[in-house]
Amino acid sequence: MFRDEAVIRVQAGKGGDGLISFYREKFVSKGGPDGGDGGRGGSVVLRTSEHLNSLLDLGRKQSYVARDGEPGGTRNKAGRDSEDLVLEVPVGTQVFDNKDGNLLRDLARSGERLVIARGGDGGLGNPHFTNAVRQAPRIATKGQPGEAREIRLELKLFAEVGLIGLPNAGKSTLLSKITAATPKIADYPFTTLSPNVGIARVGDFDTLVVADLPGLIEGASEGRGLGHQFLKHVERCRVLLQLVDVSAECVDDPISAWRVVDVELAKSSPELHAKPRVIVASKCEGDEALARADALEAALRGLESGGCDTSKILRISAARGSGLRELLALARVLVRQSSGA
Ligand SMILES: Nc1nc2c(ncn2[C@@H]2O[C@H](COP(=O)(O)OP(=O)(O)OP(=O)(O)O)[C@@H](O)[C@H]2O)c(=O)[nH]1
Ligand SMILES: [Mg+2]
């Protein structure tokens with residue numbers, strides 16, 4: 001849905017070189033070999049963090065280089081290994097090799113680590129090369145080069161809340177009021193052709209990822225309108241808010257407007273239909289709209305329809321800003337319940 005990508009080059013550190021050295025002390029003319037080994041070069045590691053929800057920051061830099069290992073020292077002192085360079089990515093990041101396009105890993109869990117370029121091993125100091133005949137080797141090995149790679153990271157944002165409903169129901173307007181997103185809004189159907197995603201603040205500390213989806217029409221499950229494309233997006237959302245236009249100007253009867261969308265969800269897949277769903281009476285301004293909302297609520301009460309909560313509908317006006325706080329609070333609770341958190 002909302003695609004977020006970054007292509008970066010990563011270069012792991014080279015191992016430190018092993019040293020050729022001999023023990024020297026006053027009056028000792030020929031000491032034994034004492035060249036230290038080189039340290040390991042730093043690897044480049046990806047690690048998922050729940051505090052991130054975009055690859056934007058990571059993508060600002062084109063390449064990331066880990067540090068080289070330290071060379072070996074005299075008196076058998078080994079060079080220090082270099083620390084790994086850890087790059088944080090959001091949970092849900094897919095990692096591809098950018099050369100062949102192969103998926104390397106799907107980082108789906110929080111705190112998951114993936115070594116993406118391994119640091120080179122350190123070289124060996126000259127004491128490793130002594131043997132029966134060679135007491136004073138003038139040989140040491142160089143550190144190995146670190147791996148280098150170009151990777152493409154892709155994040156598929158799993159919206160927690162999806163806004164669905166007939167074209168013109170007011171979905172994009174709602175998104176624009178509860179998030180910083182600026183979707184196109186117009187009084188004709190199919191204004192929205194691909195999903196818009198925004199992050200809504202809930203209270204002081206909480207957020208919700210909300211997607212505004214293209215309008216759904218009768219026959220969508222068979223591919224009419226934006227059909228399949230639309231439904232594919234809905235599958236990823238945890239909770240659905242189904243907007244029904246109850247304004248006096250709307251030609252559709254709210255009850256049939258509700259049913260059209262409900263039927264398409266059911267035809268599309270049982271899982272989709274079973275998703276937690278809240279009915280939201282949109283553009284609820286004035287007595288006539290309120291009366292239509294009441295009638296819708298009365299008609300739904302007692303109905304069984306998948307994950308749809310038919311016991312209560314919410315009344316909002318995105319234009320006036322009414323009912324939005326309650327809507328977000330309820331969505332937050334439902335998202336928590338559905339994720340088992
Ligand atoms: N009076 C009133 N009008 C609204 C409200 N919300 C949206 N509208 C109007 O309804 C029309 C459609 O709004 P959109 O937000 O584009 O509707 P949508 O559901 O995203 O439509 P599609 O993208 O075509 O599916 C626009 O003219 C909006 O200005 C509201 O709360 N009150
Ligand atoms: Mg729209």
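**Ligand 1 and its surroundings**

I would like to begin with Lys283, where an N or O atom of the side chain is 2.9 Å from an oxygen atom of ligand 1. Please keep in mind throughout that this is a predicted model.

Two further contacts belong beside that one. A polar atom in the side chain of Ser172 lies 2.8 Å from an oxygen atom of ligand 1, and Ala319 contributes through its backbone, with an N or O atom 3.0 Å from an oxygen atom of the ligand. Taken on its own, ligand 1 has 650 Å² of accessible area, and the protein covers 84% of it.

What, then, makes up the shell around the ligand? There are 21 residues surrounding ligand 1, and the closest are Lys171, Thr173, Phe190, Thr192 and Glu285. Sorted by character, the residues of this shell comprise 9 that are nonpolar, 8 that are polar and 4 that are charged. As for the site itself, the space that ligand 1 takes is the second largest pocket.

Let me return to Lys283, which is placed in the loop between strand 13, residues 277-282, and helix 6, residues 286-300. Its phi is near 60 degrees, which is a positive value in a residue other than glycine. For context, most residues other than glycine have a negative phi. Is Lys283 buried, partly exposed or exposed? Its relative accessibility is 27%, and because partly exposed covers the range between 20% and 50%, Lys283 counts as partly exposed.

The side chain of Lys283 also makes a polar contact with the side chain of Asp245, at 3.0 Å, and this brings me to Asp245 itself, which is found in strand 12, residues 239-245. Asp245 has a relative accessible area of 10%, and is therefore buried, the cut-off for that term being under 20%. Which other side chain does the side chain of Asp245 contact? That partner is Ser247, with a polar contact between the two side chains at 2.7 Å.

Finally, I would like to mention Asn168, another residue other than glycine with a positive phi, in this case near 75 degrees. Asn168 lies in the loop that runs between strand 9, residues 161-165, and helix 2, residues 171-178. With a relative accessibility of 31%, Asn168 counts as partly exposed.

To draw the thread together, the side chain of Lys283 has an N or O atom 2.9 Å from an oxygen atom of ligand 1, and it makes a polar contact with the side chain of Asp245, a residue that is buried.

Terms used: Residues are numbered from 1 along each chain as its sequence is written. Chains are lettered from A and ligands numbered from 1 in the order in which they are written. This is a predicted model: local features need pLDDT of at least 70, side-chain atom pairs count only at pLDDT 80 or more; totals for chains, interfaces and linings use all residues. Side-chain values use heavy atoms; hydrogens and water are left out. A residue is near a molecule or strand if one of its heavy atoms lies within 4 Å of it. A polar contact is a pair of N or O atoms within 3.5 Å; within protein, one must be able to donate a hydrogen and the other to accept it, and residues adjacent in sequence count only if both atoms are side-chain atoms. Accessible areas come from the Shrake-Rupley method with a 1.4 Å probe; for residues, only the protein chains shown count as cover. On a 1 Å grid over the protein atoms alone, a cavity is a set of points where a 1.4 Å probe fits but cannot get out, and a pocket is an open set with protein on both sides within 12 Å along at least five of seven lines; lining residues have an atom within 4 Å of a point. A molecule sits in a cavity or pocket if more than half of its atoms lie within 2 Å of its grid points. Ala, Val, Leu, Ile, Met, Phe, Trp, Tyr, Cys and Pro count as nonpolar, Asp, Glu, Lys and Arg as charged, and the others, Gly among them, as polar. Helices (H or I, at least four residues) and strands (E, at least two) are DSSP runs, numbered from the N terminus. Buried means under 20% relative accessible area, exposed over 50%, partly exposed in between (1.4 Å probe, protein chains only).
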